[in-house]
Amino acid sequence: MTEPALDIRSLTVGYQTEAGPLIAVHDVTVAVAPGEILGLVGESGSGKSTLIRGMLRLLGPPGVVVRGSVKLAGRELMDLDEEGLRQRRWSEVSLVPQSALNALNPLLTVAEQITDTLQAHGAVTTAAALARAVELLTLVGLDPVNLHSYPHQLSGGMRQRVALGLAMALDPPLVVMDEPTTALDVVVEREILQRILTLQAERGFAMVFVTHDVSLLLEFATRIGVLYAGRMVELGPVQRFRDGGAHPYTQGLLGAIPPAIDEQREPSSIPGSPPSLADPPTGCPFHPRCDKGRATCRVTVPESTHLDGEHEAACHIL
Amino acid sequence: MPHPVTPLLEVRDLGVVFPVGGGWRPKKLHALAGVSFAVDRGEILAVVGESGSGKSTIGRAVTRLVEPTSGSVLLEGVDVHAAEPRGPSRSYRRRVQMIFQDPFGSLNPVHTAGHHVIRPLRIHGKSSKETARRDAAALLDLVGLRPGADFLDKHPFALSGGQRQRVAIARALATEPDILVADEPTSMLDVSIRMDVLRLLDRLRRERNLAVLLITHDLAAARYLSDRILVMYGGQLMEEVPSKELAGTARHPYTKLLVAAAPRPNADIHAALPARSGLPQNIEPLPGCPFIERCYDGAAICSQPLTVSQLGPNHRLRCHIHGDPR
């Protein structure tokens with residue numbers, strides 16, 4: 001097997017509080033092969049943002065990576081110093097955030113944001129960097145007339161395209177997308193998604209796509225990981241999820257999607273609400289909302305077990 | 001209009017104009033222009049569209065949070081602005097209630113769930129001082145916060161997003177309204193609890209014969225839950241279609257675009273969209289179709305003012321190109 005583009009082992013991430021550490025991500029292990037699209041889905045409080053911030057070492061205090069290992073193309077990220085991290089960012093892994101308005105520097109034009117990044121990662125002349133910026137904007141479907149605009153002069157969709165262009169700037173083998181289309185209108189979302197997938201197919205980078213919307217992932221992910229209360233409760237090829245999933249939470253989540261326009265299906269719902277981070281239930285974090293639970297579910301946290309091939313789930317009844 | 005008898009709520013040719021920009025001559029933003037529709041008891045009418053479509057302004061005009069610049073709103077045939085020109089009466093506010101998108105912002109953090117529900121019960125004379133707590137608990141029960149009595153003394157911070165939205169719904173129901181305007185009631189909620197809240201609205205319209213105006217960007221949810229869908233763009237009604245016939249009946253290029261952009265697990269994600277993305281020109285708009293910039297079917301006639309064609313009992317269209325009866 002080739003070296004994975006991203007290899008996360010037993011990653012546990014938490015937050016320091018006065019009452020002691022609060023664990024937001026428990027023991028997540030997942031690898032992403034080159035050119036693969038891993039979709040991560042979770043609701044608010046599921047730990048999806050903490051997971052990617054932790055794994056990219058972007059988490060500031062009080063957040064801490066408690067333990068675990070994250071390797072980019074075989075090289076450990078957890079023991080790098082700031083300078084080592086700086087060199088890896090953008091060139092080996094880039095991040096497209098949910099709100100590009102908050103991620104772009106409001107005082108810099110689009111051209112300056114892109115040329116800054118390029119010049120920080122190599123001796124590039126300003127003219128060459130500008131030419132590359134024009135190329136990048138064209139690549140993400142943004143008219144280069146916007147090159148000298150400030151972020152506030154662009155629409156949400158245009159800003160998201162700038163963020164996407166930045167993520168492509170140094171052609172990294174891994175791109176992490178944190179809800180890149182959530183704040184956008186459906187039509188713009190669809191256009192940007194198509195652009196992302198075209199770029200991914202052309203350039204072959206591996207992608208981690210984080211979202212709360214599992215219906216989106218069913219359309220394009222290679223594999224899907226489901227996060228619930230900071231744990232990876234199911235991980236497997238997308239077809240397993242198109243077939244309805246194995247974990248009771250996944251099944252509930254898939255059932256709760258309103259039927260698509262061309263679909264006749266009665267949606268279902270999951271009773272209760274996701275647990276609080278500060279006061280998680282004992283045993284399986286999903287047991288208070290699960291209708292298939294047994295006595296053991298209330299006591300023991302289920303280990304992730306292989307169901308078949310690459311498909312695994314953490315559930316006592318499977 | 002297809003209504004032989006007076007509908008519960010009728011909106012005729014509604015226009016809302018906001019001044020924008022300062023200076024001597026502020027420009028005019030046409031948030032709504034020439035919108036007409038009707039909704040009856042026990043019906044769910046969905047209003048869909050992207051940002052800037054005017055869908056929220058419809059809700060705010062119906063609840064009289066904004067005053068229309070032109071047109072009229074009729075409640076059981078009575079023009080509410082002519083009858084109550086100085087602002088909505090208490091009786092109007094009792095009959096037309098609203099729930100908002102953000103259950104974190106729409107509840108007062110210093111008051112309990114019970115307070116939020118008891119207040120309208122008392123103000124609108126639905127409960128006596130003695131029975132108010134019991135009635136509030138019953139309402140919380142009704143919206144799925146069971147047992148309601150246990151939730152009376154909880155503050156919003158102790159409730160989840162879904163629970164807060166239920167308190168907001170209970171508060172709206174306290175006045176025994178005829179119409180409930182729900183502006184994106186589930187878009188801030190977690191996916192696993194959205195369907196529960198939507199189904200609650202569905203149950204209430206059946207059990208209480210409530211008319212619901214469901215304002216949403218989620219076409220799939222609108223189709224599943226509502227009877228009819230109004231598709232808005234640039235402050236204008238583009239099409240009204242019966243929800244169950246959405247995919248087969250819709251003719252407007254914008255409706256078709258929204259259908260194509262909605263997630264479908266088995267669809268080809270790379271399939272070309274039937275129109276472009278973009279934003280409507282709401283400020284000092286030109287006459288003619290607001291969708292003209294984004295439409296692939298546009299022709300010279302599209303810069304002429306639009307009229308509505310009635311294509312079926314609940315199917316209306318504003319389009320120069322696709323309006324011919326087939």
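**Core packing and overall form of chain A**

The largest nonpolar core holds 58 residues, and A:Met207, A:Phe220 and A:Ile224 touch the most other members. The model is predicted. In soluble globular proteins, nonpolar side chains tend to be buried together.

One of these residues, A:Ile224, was examined further. Residues up to four places away in sequence were set aside. Beyond that window, A:Ile224 touches A:Leu38, A:Gly39 and A:Val41. Contacts of A:Ile224 also include A:Leu217 and A:Leu218. A:Glu234, A:Leu235, A:Gly236, A:Val238 and A:Phe241 complete the list of residues touched by A:Ile224. A second core is separate and has 41 residues. Among them are B:Ala137, B:Leu152, B:Ala172 and B:Ala174.

Chain A contains ten helices and twelve strands. The radius of gyration of chain A is 20 Å. This agrees with a compact globule, because 318 residues in such a form would give a value near 20 Å. The C-alpha trace of chain A spans about 65 × 50 × 40 Å along its principal axes.

Burial and contact order were then considered for the chain. Of the 318 residues of chain A, 53% count as buried. Among contacts in chain A between residues at least 6 apart in sequence, 63% link residues at least 24 apart.

The surface was treated last. Chain A has an accessible surface of about 13,200 Å². Carbon and sulfur atoms account for 52% of that surface. Chain A carries 25 positive and 36 negative charges. The mean positions of the two sets lie 3 Å apart.

Technical notes: Residues numbered from 1 in each chain as written. Chains lettered and ligands numbered in written order. Predicted model: local features only at pLDDT ≥ 70, side-chain atom pairs only at ≥ 80, totals over all residues. Heavy atoms only, no water. Core = buried A, V, L, I, M, F, W, Y, C linked by side-chain atoms within 4.5 Å. Buried < 20%, exposed > 50% of the residue type's maximum accessible area, 1.4 Å probe, protein only. Contact = heavy atoms within 4.5 Å. Helix = DSSP H or I, 4+ residues; strand = E, 2+ residues; numbered from the N terminus. Rg over C-alpha atoms; globule rule 2.2 N^0.38 Å. Areas by Shrake-Rupley, 256 points an atom, 1.4 Å probe, with all protein chains shown as cover. Lys, Arg positive; Asp, Glu negative; His and termini not counted. Charge placed at Lys NZ, Arg CZ, Asp CG, Glu CD.
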